[in-house]
Amino acid sequence: QDLLIEAFKIVSEKHSEWKLDIYGDTSFNKNYYNECIELIKKYKLEDKVEFCGITKDVEGVLLNSSIFAFPSAYEGFGMALAEGMSVGLPAVGYKSCPAVNELIKDGETGLLCDDGAEPLAQALEKLMSDKELRVKMGKAAKADMAQFAPEKIWDKWEELMDKELKNS
């Protein structure tokens, strides 16, 4: 989140109408959360950046968003990223991050950037400046995430279990 706040500070000067909402549990690392709050204050972004905590209305929040920024350095599958893309959000993430660099198809379903706040800001700015590009990439992201739809995944699991049972 600190890199995202840093990147947003850079782009918010040009895109003053944009707001950054950060969702998720902040109780796991209070020191880091407090550092992020101090960063927000340092950059005078209190009216533009908000930690929204946990939501039960994930789909509603995503549907009311324009971009899904996912600045993780390390990630497993990236369920939150897949959820954002599955509702049609173009995504931005680091190309060095495993899983993220497989879910986001650079230039098609979102943008992959080099590590750091400045490259992240450049990727965000590209999407923030071009609604047509956001819509195009969002549609491609939604179509691409269909491969992970529950009905498809469960069928694959069932096939795998059937195969393994026959082989045992």
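**Checking the labels**

Mentor: Start with Lys 44: its place is in the loop between helix 2 (30-42) and strand 2 (49-53). Helices and strands here are DSSP runs numbered from the N terminus (H or I of at least four residues for a helix, E of at least two for a strand). Keep in mind that this is a predicted model, where local features need pLDDT of at least 70, side-chain atom pairs count only at pLDDT 80 or more, and totals for chains, interfaces and linings use all residues. Residues are numbered from 1 along each chain as its sequence is written, and side-chain values use heavy atoms, with hydrogens and water left out.

Trainee: What is the phi of Lys 44 near?

Mentor: Near 55°, which is a positive value, and Lys 44 isn't a glycine.

Trainee: And why does Lys 44 count as exposed?

Mentor: Relative accessible area decides that: under 20% is buried, over 50% is exposed, and in between is partly exposed (1.4 Å probe, protein chains only). Lys 44 has 66% relative accessibility, so it counts as exposed.

Trainee: Where is Ala 99, and is it buried or exposed?

Mentor: Ala 99 is in the loop between strand 4 (91-94) and helix 5 (100-103). Its phi is positive too, near 80°. At a relative accessible area of 15%, though, Ala 99 is buried.

Trainee: How many disulfides are there?

Mentor: The count is 0, given that a disulfide is a pair of cysteine sulfur atoms within 2.5 Å.

Trainee: What makes Cys 52 and Cys 113 fail?

Mentor: Distance. For Cys 52, the closest cysteine sulfur is in Cys 36, 14 Å away, so that's too far for a bond. For Cys 113 it is the sulfur of Cys 97, at 11 Å, also too far. As for cover, Cys 113 at 6% counts as buried, while Cys 52 at 24% counts as partly exposed.

Trainee: How do you know that the span of helix 8 agrees with what's expected?

Mentor: The expected span is 1.5 Å times one less than the number of residues. Helix 8 has 18 residues (150-167), so it should span 26 Å, and its end C-alpha atoms are 26 Å apart.

Trainee: Why is helix 8 called hardly covered?

Mentor: Among its 18 residues, the count of buried ones is 0. Take Leu 160, which lies in helix 8: at 42% relative accessibility, Leu 160 falls in the in-between range, so it counts as partly exposed.
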